[in-house]
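Me: Please take me through the reasoning behind the descriptors assigned to this entry. I should like each term set against its criterion.

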Amino acid sequence: MQHSRRDLFHMAASALAFAAGAGGAAFPAMAQTGLKDAARAKGIEVGSAFNGWFHPPLLRLLIENCDVITPENAMKAGNISSDDGRTLLPGEMDDIAAFCLQNGMKLHGHTLFWHQSLPAWLGAGDLDEARQAHLRHLRFVMTRYPQVTSWDVVNEVVSNETGAYRSLPVLDAHGDAFVAFLFETARELAPTARLVLNDYNLACGAAFCDRKRGRLLSVLERLLRAGVPIDAVGIQAHLAPRWPVVPAPLEAFLREAGDLGLDVLITELDVNDIDLPDDIAARDQSIARIYGDFLDTALASRTVKRVSFWGLTDRYHWIVEGHAPFRRTGAAPRPALFDQELRPKPAYFAVRDALLRAPERTSGG
Ligand code: XIL
């Protein structure tokens with residue numbers, strides 16, 4: 001009998017849920033404490049991106065290490081909505097949502113608005129047209145997945161150059177009014193979910209990260225003052241050794257976000273090994289140090305309530321797949337905590353130790 005990809009996924013996911021309920025007897029327990037266990041006593045959630053692969057050992061890894069799953073691509077508007085935006089094409093997203101429910105994991109909604117996944121129905125019309133199209137989209141997606149406990153309402157909308165927002169027709173024309181509309185609509189449709197403004201270039205010590213942090217804080221300040229319901233800022237944290245993290249400005253940013261009454265979520269943590277040596281042992285040590293140092297700085301702030309990785313293993317990873325803006329040539333990249341065979345690497349232990357060292361905080365729920 002032939003099984004479809006979805007059948008296989010459901011069989012694997014149910015077997016795992018069953019095994020977890022039966023004390024995990026069907027699968028050998030990990031030798032190490034899972035990351036979520038290391039983090040729980042500290043009030044920190046651990047998460048990962050997930051594309052719905054049905055590779056059972058990966059599912060087990062996610063269950064053992066994560067409190068929360070972020071759909072890596074399945075929920076993006078360009079993937080989940082029809083060409084005219086009038087129907088939903090959930091497919092893979094339904095699988096991921098069911099996997100989370102079956103295994104007691106939270107679901108983080110990623111994302112309601114992202115310029116790299118803008119379907120044609122967005123248009124460049126007036127504010128009313130933009131509102132109507134997005135209202136329909138938010139209604140479809142948010143009512144289909146009521147289990148989502150936090151939403152990246154907007155992703156990467158803050159400008160990397162000048163002005164407040166990235167240059168896009170709808171943001172050029174309507175800026176704050178449009179962003180406010182998205183957050184207000186999200187609040188109405190999911191009153192108890194945590195609403196996040198997610199962005200990148202916020203972790204490093206380079207001048208462009210300094211400017212981005214400043215710009216993002218002034219956008220947040222203005223929106224919050226106008227009563228826009230934003231609960232948290234998401235720091236993607238795609239780290240790379242060519243733009244190292246510098247603790248002081250990151251600490252200042254976390255403090256200022258906290259002063260605005262916001263929580264901070266680390267939403268897409270990974271380390272691009274592009275400039276590191278080919279030698280695997282040396283490279284793995286450097287990668288581990290970058291993860292560990294970043295988390296020591298970030299988790300010292302009690303405003304940080306979640307650490308989510310953009311994939312747990314090199315086997316399924318956007319940097320290895322060549323989707324990230326840069327990728328080392330020659331030796332295969334090793335950006336994640338677990339290798340191609342899902343064995344923990346030094347980065348895993350560095351992350352676990354940083355979680356164990358972190359001060360306690362009240363969990364954001
Ligand atoms: C990336 C995915 O990982 C890739 O598979 C896809 O081809 C492009 O998008 N910031 C984000 C994520 O917010 O949605 C991006 O995900 C990575 C950068």
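The exchange below concerns the overall form and the ligand site of this predicted model.

Me: What makes the radius of gyration of the protein agree with that of a compact globule?

Reply: The protein has 365 residues, and a compact globule of that length would have a radius of gyration near 21 Å; the protein has 20 Å, so the two agree. Along the principal axes, the C-alpha atoms fill a box of roughly 55 × 55 × 45 Å. The protein has eleven helices and nine strands.

Me: Why is the pair formed by Glu268 and the ligand called a polar contact?

Reply: A polar contact requires a pair of N or O atoms within 3.5 Å. A polar side-chain atom of Glu268 lies 2.8 Å from an oxygen atom of the ligand, so the pair meets this cut-off.

Me: How do you know that Trp310 and Gln236 also make polar contacts with the ligand?

Reply: The distance from a side-chain N or O atom to a ligand oxygen is 2.9 Å for Trp310 and 3.3 Å for Gln236. Both values lie within 3.5 Å, and therefore both pairs count as polar contacts. The ligand taken alone exposes 420 Å², of which the protein buries 87%.

Me: Which residues of the shell are closest to the ligand, and where does the ligand sit?

Reply: The ligand is surrounded by 13 residues, the closest being Glu72, Lys76, His110, Asn155 and Glu268. The shell comprises three nonpolar, six polar and four charged residues. The ligand sits in the largest pocket.

Terms used
Residues numbered from 1 in each chain as written. Predicted model: local features only at pLDDT ≥ 70, side-chain atom pairs only at ≥ 80, totals over all residues. Heavy atoms only, no water. Near = heavy atom within 4 Å. Polar contact = N/O pair within 3.5 Å; in protein donor to acceptor, adjacent residues only side chain to side chain. Areas by Shrake-Rupley, 256 points an atom, 1.4 Å probe, with all protein chains shown as cover. 1 Å grid on protein atoms, 1.4 Å probe; cavity = no way out; pocket = protein on both sides within 12 Å on 5 of 7 lines; lining within 4 Å. Sits in = over half its atoms within 2 Å of the grid points. Nonpolar A, V, L, I, M, F, W, Y, C, P; charged D, E, K, R; others polar. Helix = DSSP H or I, 4+ residues; strand = E, 2+ residues; numbered from the N terminus. Rg over C-alpha atoms; globule rule 2.2 N^0.38 Å.
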